[in-house]
Every structure is written in structure tokens, then in C-alpha cells.
Amino acid sequence: MENLRFFFFALLLLVSPLLQVARSQSDSDAEVAGTVEEVSDLGIVGENAQDFGDENFSQALGVDVVCVFPKNSARLVNAGEETELLVGVRNDGELPITVVGIRASVHLPFDHKLLVQNLSAQGFNNATIPASAQATFPYIFAVSKYLQPGSFDLVGTIIFEIDQQPYQSTFYNGTIEVVESGGFLSTESVFLVTLGIALLVLFGLWLQSQIQNLSKKSKRAAKVEVGTGARDASVDEWLQGTALSQSHSQKSKKKK
């Protein structure tokens, strides 16, 4: 009975669901891929080329931004490896836009006040978008290789100037799934496989013990007690003189 309880307890641990919450994104991916155009004279300055600081700027009217994870619709981010996304900017205003750079950060999904990591800022040179035009800007980032796999929120912001006044727009504020780098088998996968094998072994041992107990019970039930040939002297004495005692005496004489 103790083995049975242990087996069911271990089975509950194995099948307990690991819930992961993901947020949906609009169909802006197709819009970016089909409509935006790259600025030919765009020059990437490099990481941390300009210190944007933590200062927040106001949003500008007439500027729309969207975000695409190329060939990565699941938004999987390998810890310690580079991930690329594209930011599409459309200028519906009357003045040109000068894109300064992109910055992003990783937060816990249930509270954005809890910062997990500030990602590298990406600066641009000669990134001007004329009025009634659009352009795409690449942003390559990498989360820490020590970051535990799971769901996190990525907040990405593009900073630009209009008439030498700084503005910003958030191009992505949603979930990314951080996974372990190094192939299909992760530490969690190895652990689950090992646990599954151990549970199968325990189930086999428990099943074998149950079969042995059933076989022992069936053997015990098949045994029949056979009485001894010895008679109680008081019974023989009570039967003397009766027809039964005479038949027994005749049978004994014939045997002799």
C-alpha cells in the first residue's frame, strides 16, 4: 500500500502542468514585411554608441511603429545568443524624422517595475525618414546566458528627433520565451525524461509485487485439508454394538 501511494504521488509530480502565459500580437508582421522600405543611407553606429539614459520622452503625432521577429513567430530567444528583430517606422507627419537609436529591457511579466536586464542600445547614423515615407531598422540583442528559461516581457523603444526635439515610441511591449541554448535537450528535458523512466521502473516493481501477492493467495486457496485416519477412542466406544461398528469390523477382517 505504501508503494502504491508513493507511485501516485510521483505521478502527480510528473504531470503537474507548467503553465506559461503568452500574449498575442496583432497582424502587424505582414504589414511591415509588405509596406515598409529601408533607408539606403542608413548607417549603424554600434552598441552603446550613444547613451540614451533612462530619460523618457513624449510621443509624436503622425509616427507609427511596428515590430517583426524575422522567421521567429514564436518569439523564442536563446539565452546568451543574439536575436534580431526589425522595427518599422512610418512618418505620416509633415517634417522629416531623424532616428537616433533603439533601446530595450527585459522585465518580469507580472510586474514591469521588476527589471531583469537592460539590453544594449543600438545607435544609427544618417537615419532620416522623410515625410510620408517609411523605413525599417534592425535591432540585435542578447539576453544573459544565465537567465533562467521562461516567459519574460520585452519592452522596446525607438528614439527619434523631429525638428531637433527628442521623442520616443514603444514598438514592442509583450512576451518573449527565453530558452536554453545548446540544442534540443535542456536540463529540464533531461530531468523530465529521467523522472519518467524512474516512474516506469517503480510501476513495474509495484505491478510485479501485486502479481506475486495474487499468486500466493491463489495457492493458499487451492490447498484442502485432509483428515487423519486416527479415531477418537470415545467415538469408537460409543459406536460399539451398532450396525456401523459391525460393518467396520467385517471390513477389517476381510483385509486381514
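What percentage of the 256 residues of the protein count as buried? In this predicted model, the share that counts as buried is 30%.

**Figure 1. Overview of the predicted model and its secondary structure elements.** The protein contains 5 helices together with 11 strands. Its exposed area comes to about 17,700 Å², and carbon and sulfur atoms account for 55% of that area. When contacts between residues at least 6 apart in sequence are considered, 76% of them join residues that are at least 24 apart.

**Figure 2. Close-up of strand β5 (residues 97-108) and the strands that pair with it.** Strand β5 is mostly covered, with 10 of its 12 residues buried. With β10, strand β5 pairs in the antiparallel sense over 9 bridges, and within this pairing Thr98 stands opposite Glu161. Thr98 also stands opposite Thr128 in β8, where β5 and β8 are paired, again antiparallel, over 2 bridges. Strand β7 (residues 122-125) runs antiparallel to β5 and is joined to it by 2 bridges, with Gly101 of β5 placed opposite Gly123. Strand β6 (residues 111-118), which is likewise antiparallel to β5, is joined to it by 4 bridges, and His107 has Leu115 in β6 as its bridge partner. A hairpin of 2 residues connects β5 to β6.

**Figure 3. Close-up of strand β9 (residues 133-141) beside strand β4 (residues 83-91).** Because 7 of the 9 residues of β9 are buried, this strand is largely enclosed by the rest of the structure. Strands β4 and β9 run antiparallel and are joined by 9 bridges, one example being the bridge in which Leu86 is partnered by Pro138 of β9.

**Figure 4. Close-up of Ile158 in strand β10 (residues 150-162).** Ile158 has a relative accessibility of 0% and therefore counts as buried. Leaving out residues up to four places away in sequence, Ile158 touches a set of residues that includes Val65, Val87, Val89, Val99, Gly101, Ile102 and Phe137, and also Tyr167, Gln168, Ser169 and Phe171. Val65 is separated from Ile158 by 93 residues in sequence, while the C-alpha atoms of the two residues are 8.6 Å apart in space.

**Figure 5. Close-up of Asn91 in strand β4 and its polar contacts.** With a relative accessible area of 2%, Asn91 is buried. Its side chain reaches the backbone nitrogen of Gly93 at 3.0 Å, and a polar atom of the Asn91 side chain also lies 3.1 Å from the backbone oxygen of Pro130. Beyond its neighbours within four places in sequence, Asn91 is in contact with Gly62, Pro96, Ile97, Ile129, Pro130, Ala131, Ser132 and Ala133.

**Figure 6. Close-up of two loop residues with positive phi, Ser132 and Asp163.** Ser132, one of the residues in contact with Asn91, is found in the loop between β8 (128-129) and β9. Although Ser132 is not a glycine, its phi is positive, near 60 degrees, and with a relative accessible area of 63% the residue is exposed. Asp163 is found in the loop between β10 and β11 (165-179), and its phi, too, is positive in a residue that is not a glycine, at about 55 degrees. The relative accessible area of Asp163 is 63%, and Asp163 is therefore exposed.

**Figure 7. Close-up of aromatic pairs in the structure.** A search of the whole structure finds 5 aromatic pairs, two examples of which are described here. Phe69 and Tyr172 form an edge-to-face pair, with 5.4 Å from centre to centre and 70 degrees between the planes. This pair links distant parts of the chain, since Phe69 lies in the loop between β2 (63-68) and β3 (76-78) and Tyr172 lies in strand β11, 103 residues apart. Both Phe69 and Tyr172 are buried. Phe203 and Trp206 form a tilted pair, with 5.9 Å from centre to centre and 35 degrees between the planes. These two residues are 3 residues apart in helix α3 (residues 187-222), so that about one helical turn separates Phe203 from Trp206. Phe203 has a relative accessible area of 33% and is partly exposed.

Conventions. Residues numbered from 1 in each chain as written. Predicted model: local features only at pLDDT ≥ 70, side-chain atom pairs only at ≥ 80, totals over all residues. Heavy atoms only, no water. Buried < 20%, exposed > 50% of the residue type's maximum accessible area, 1.4 Å probe, protein only. Contact = heavy atoms within 4.5 Å. Areas by Shrake-Rupley, 256 points an atom, 1.4 Å probe, with all protein chains shown as cover. Pairing = 2+ DSSP bridges. Polar contact = N/O pair within 3.5 Å; in protein donor to acceptor, adjacent residues only side chain to side chain. Phe/Tyr/Trp six-rings, centres within 6.5 Å; stacked < 30°, edge-to-face > 60°.
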